[in-house]
Amino acid sequence: MKFSRALKNFDSSGIRKVFDLAAKLKNPINLSIGEPDFKVPKDLKKEAQKAIKEDKNRYTQTAGIPLLRERIVLKLKKENGLKNISAENVIVTTGTSGALHLLFQTLINPGDEVVIIDPYFVIYKQVPQLFGAKVKVVSSYPDFSLPVSKIEKAVTVKTKMVIINSPNNPTGKVYKKEEIKNLVEVLKKKNILLISDEVYEKFIYEGQHFSPASVYKNTITLNGFSKAYALTGLRIGYAAGPKDIISEMIKLQQYTYVCAPSISQYTALKALTINVGNLILEYKKRRDLVYEGLKEKFEVEKPDGAFYIFPKTLKGRAEDLAKKAIAKNLLVVPGSVFSQKDSHFRISFAASLKDLNKGIKILKDF
Ligand code: PLP
């Protein structure tokens with residue numbers, strides 16, 4: 001079979017080797033997964049059941065059920081400080097990933113440049129290339145703060161968009177308001193689109209979350225319900241931004257996903273009324289446990305948010321460390337999956353305290 005040439009650029013060889021080894025393990029200590037280990041809040045389970053019972057399992061409007069779009073607008077105004085926004089600025093999508101895909105396909109022409117920050121969430125690097133973009137990677141090592149001057153240097157007339165993600169996967173960094181405002185000043189001069197992936201917004205342990213769309217209208221805000229409400233399998237997210245871009249994304253959604261899953265949309269409506277503050281305190285305990293456990297032996301930044309920590313390997317490549325960990329029944333993800341470098345590794349602390357303690361012990365013994 002001759003596959004699409006674009007797919008040739010998808011590189012997963014290193015990580016595949018590591019996960020092939022991992023697949024052979026029986027009951028691994030799994031600190032590699034990017035999803036909450038908590039159960040879905042009871043009220044949300046009930047809401048999903050109610051929607052099924054009421055036969056709400058129909059196609060919805062392509063852009064999402066009107067009430068959900070309206071409630072998302074209210075949320076963005078109240079919690080994120082967005083102004084001049086209405087339902088027409090919002091599309092409900094199949095997860096944040098679905099929003100990213102629609103966005104790239106809507107905007108990118110061959111030869112366009114997309115600027116991303118290293119380490120990066122894998123989709124930002126791989127998917128724009130499907131549509132012929134050149135992805136420019138800007139390093140945020142060693143402390144992972146927003147590298148504004150490096151981004152400024154990377155931007156050219158061909159730059160279609162700059163993508164940021166705060167709180168960050170895989171570093172746990174939360175960008176400061178001032179840093180984001182400085183970036184906005186750079187992009188404003190050239191009217192470059194900013195994509196702000198805020199899927200870990202609720203997971204803040206230090207500092208404050210800041211949405212660039214509150215100060216820069218040429219921003220697409222992406223968010224979803226997977227992480228904060230432990231709804232990864234329901235596949236529900238959204239994009240909010242300039243009406244012309246959103247309406248093109250809606251057009252594309254009509255011919256691809258048709259609409260986001262209906263039962264998930266009704267569940268998301270309820271999710272917007274739920275406070276997850278107590279859960280976040282639990283995650284903070286885990287963050288503290290892992291950071292305190294690793295900091296004596298590893299060079300590591302304390303994560304301000306999300307549920308990941310990204311320590312540096314003591315020596316050598318992270319892929320080797322991940323293989324050594326597998327030999328001890330422990331799964332972590334080597335940095336090469338998220339980066340041009342292979343000097344760090346990602347631990348997800350969305351795991352039980354028991355597993356975290358076991359994992360820390362194994363890593364410290366290396
Ligand atoms: N953006 C980031 C930074 C992520 O880490 C993830 C999932 O790991 C996503 C987006 C995708 O989330 P969703 O489940 O909403 O597609």
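## Close-up views of a predicted model

**View 1. Strand β5 is a largely enclosed element of this predicted model.** In strand β5, which covers residues 159–165, six of the seven residues are buried, so the strand is largely enclosed by the rest of the structure. A residue is called buried here when its relative accessible area is under 20%. In a regular strand the side chains alternate between the two faces of the sheet.

**View 2. Strand β5 pairs in the parallel sense with strand β3 and runs parallel to strand β6.** With strand β3, made of residues 113–118, the pairing of β5 extends over three bridges, and among the residues involved, E113 has T159 of β5 as its bridge partner. Strand β6, made of residues 193–197, is joined to β5 by five bridges. In this second pairing, V162 has its bridge partner in β6, namely L194.

**View 3. A helix belongs to the unit that β5 and β6 form.** Helix α7, which spans residues 177–190, makes a β-α-β unit together with strands β5 and β6, and this unit is right-handed.

**View 4. The ligand is surrounded by 13 residues of the protein.** Among these residues, the ones that come nearest to the ligand are S97, D197, Y200, S226 and K227. When the shell is sorted by residue type, it divides into four nonpolar, six polar and three charged residues. Helix α4, which covers residues 95–107, gives the largest share of this shell, namely three residues.

**View 5. Side chains of N169, D197 and S226 place polar atoms close to the ligand.** A polar atom in the side chain of N169 is found 2.8 Å from an oxygen atom of the ligand, whereas for D197 a polar side-chain atom lies 2.6 Å from a nitrogen atom of the ligand. In the side chain of S226, an N or O atom is 2.6 Å from an oxygen atom of the ligand. Taken alone, the ligand would expose 400 Å², and the protein buries 92% of that area.

**View 6. D342 is a buried residue in a loop between two strands.** The loop that holds D342 lies between β11, residues 333–334, and β12, residues 345–348. The relative accessibility of D342 is 15%, and because buried means under 20%, this residue counts as buried. A polar atom of the D342 side chain lies 3.1 Å from the backbone nitrogen of E319.

Technical notes:
Residues numbered from 1 in each chain as written. Predicted model: local features only at pLDDT ≥ 70, side-chain atom pairs only at ≥ 80, totals over all residues. Heavy atoms only, no water. Near = heavy atom within 4 Å. Polar contact = N/O pair within 3.5 Å; in protein donor to acceptor, adjacent residues only side chain to side chain. Areas by Shrake-Rupley, 256 points an atom, 1.4 Å probe, with all protein chains shown as cover. Helix = DSSP H or I, 4+ residues; strand = E, 2+ residues; numbered from the N terminus. Nonpolar A, V, L, I, M, F, W, Y, C, P; charged D, E, K, R; others polar. Buried < 20%, exposed > 50% of the residue type's maximum accessible area, 1.4 Å probe, protein only. Pairing = 2+ DSSP bridges. Right-handed = clockwise from strand over helix to strand, strands pointing away.
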